[in-house]
Amino acid sequence: MSTAALTARPGVLVDRLVPRSTTLTDVALVVTGAAVVGALGQVTIPMWPVPITGQTLAVMLVGGALGMRRGAAAMTTYMVAGLAGVPWFAEGGGGPGMLLAPSFGYVVGFILAAAVAGWCAERAWDRRPVLAMLGFCAATVMPFLLGVPYMATVLGLTDMATIAAYGVTPFVLPGLVKAALAAAAFPLAWRLIRAVDDRSVGGRD
């Protein structure tokens, strides 16, 4: 991947923390983002057919921090590496057999979720709590767009009430909580950065 393809618009959190962007740093950030999702994917509340995990929170954090392109690249890396055998899907899952898992559509949807979170961050939504909440709620919806029909297809479900009970309803409240956590974390991070900048300017005066 070229630097031009991965580098987000100036202003996302990681561009402030890692101001010099090169192909090597972008690739390292993408791999790190994938690993963060893999780690939080092991924080689970077991449920069938789709567990509640820390993945969605991680996806929002990674997408918001890296920006749209790098965030989507991180989630693509997460998906491809998991299918290749890295055991970092929920509950240690991995390998090509995961294509038949009812939850795999949500993993594909993570790419969209990270892109949406990154798109919002590139427009500075992540610096204001209300806009951050709107952006992260929109990102939270993305995995359902692919995950719910994928789950229904794998399980052969046609009854809408059953589909909602399996793939939507249990995740609404946890999704809102995760979006709220991300919406609180990013403005706080930016506030700390501004405080450090102000202190540095004051120290030079």
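The legends below describe several close-up views of a predicted model.

**View 1. The largest pocket and the residues that line it.**
In this predicted model, the largest pocket has a volume of about 390 Å³. Its lining is made up of 26 residues, of which Val50, Pro51, Thr53, Gln55 and Tyr106 are the closest to its centre. Two or more lining residues come from each of the strand β2 (52-53) and the helices α4 (55-66), α6 (104-122), α7 (129-155) and α9 (169-204). By residue type, the lining of this pocket divides into 18 nonpolar, six polar and two charged residues.

**View 2. Helix α4, a mostly covered element.**
Eleven of the twelve residues of α4 are buried, and these are Gln55, Thr56, Leu57, Ala58, Val59, Met60, Val62, Gly63, Gly64, Ala65 and Leu66. The end C-alpha atoms of α4 are 16 Å apart, which agrees with the 16 Å that its twelve residues should span at 1.5 Å a residue. Thr56, which lies in this helix, counts as buried because its relative accessibility is 16%, under the 20% that sets the limit for buried residues. When residues up to four places away in sequence are not counted, Thr56 touches Phe110 and Lys178. Just after α4, Gly67 takes a positive phi of about 95 degrees.

**View 3. Helix α3 and its buried residues.**
Helix α3 covers residues 23-40, and its 18 residues should span 26 Å at 1.5 Å a residue, in agreement with the 26 Å that separates its end C-alpha atoms. Within α3, the buried residues are Asp26, Leu29, Val30, Gly33, Ala34, Val37 and Gly38. An α-helix has 3.6 residues a turn, so residues three or four places apart point the same way.

**View 4. The largest nonpolar core and a second core apart from it.**
The largest nonpolar core has 44 residues, and those with the most contacts inside it are Val37, Val59, Met75, Tyr78, Phe89, Val107 and Phe136. At least two residues of this core are supplied by each of α2 (13-17), α3, α4, α5 (68-84), α6, α7 and α9, and the largest share, nine residues, comes from α6. Apart from this core lies another, of eight residues, which include Tyr106, Val148, Ala152 and Phe171. In soluble globular proteins, nonpolar side chains tend to be buried together. Leaving aside neighbours within four places in sequence, Phe89 is in contact with several residues, among them Gly41, Gln55, Tyr78, Met98, Phe104 and Val107.

**View 5. Two buried residues, Ala114 and Val148.**
Ala114 lies in helix α6 and, at 0% relative accessibility, counts as buried. Beyond its neighbours within four places in sequence, Ala114 is in contact with Val59, Gly63, Gly71, Ala72 and Met75. Ala114 and Thr140 are 26 residues apart in sequence, and their C-alpha atoms are 9.2 Å apart in space. Val148 is found in helix α7 and also counts as buried, with a relative accessibility of 12%. Not counting residues up to four places away in sequence, Val148 touches Tyr106, Pro143, Ile163, Gly167 and Val168. Val148 and Asp126 are 22 residues apart along the chain, and 27 Å separates their C-alpha atoms.

**View 6. The largest cavity.**
A search of the whole structure finds one cavity of 30 Å³ or more, and about 40 Å³ of space lies in the largest cavity. The residues that line the largest cavity are Ala117, Cys120, Ala121, Trp125, Asp126, Ala132, Gly135 and Phe136, with α6 and α7 each supplying at least two of the lining residues. This lining divides into six nonpolar residues, one polar and one charged.

**View 7. Backbone details in three loops.**
The peptide bond from Trp48 to Pro49 is cis, with omega near 5 degrees, and Pro49 is placed in the loop between β1 (44-45) and β2. In the loop between α5 and α6 lies Glu91, whose phi is near 60 degrees, a positive value in a residue other than glycine. At 48% relative accessibility, Glu91 counts as partly exposed. Ala124, in the loop between α6 and α7, has a positive phi of about 65 degrees although it is not a glycine. Ala124 is partly exposed as well, with a relative accessible area of 31%.

Methods: Residues numbered from 1 in each chain as written. Predicted model: local features only at pLDDT ≥ 70, side-chain atom pairs only at ≥ 80, totals over all residues. Heavy atoms only, no water. 1 Å grid on protein atoms, 1.4 Å probe; cavity = no way out; pocket = protein on both sides within 12 Å on 5 of 7 lines; lining within 4 Å. Points joined across faces, edges and corners; volume = space filled by probe spheres on them. Helix = DSSP H or I, 4+ residues; strand = E, 2+ residues; numbered from the N terminus. Nonpolar A, V, L, I, M, F, W, Y, C, P; charged D, E, K, R; others polar. Expected span 1.5 Å × (residues − 1). Buried < 20%, exposed > 50% of the residue type's maximum accessible area, 1.4 Å probe, protein only. Contact = heavy atoms within 4.5 Å. Core = buried A, V, L, I, M, F, W, Y, C linked by side-chain atoms within 4.5 Å.
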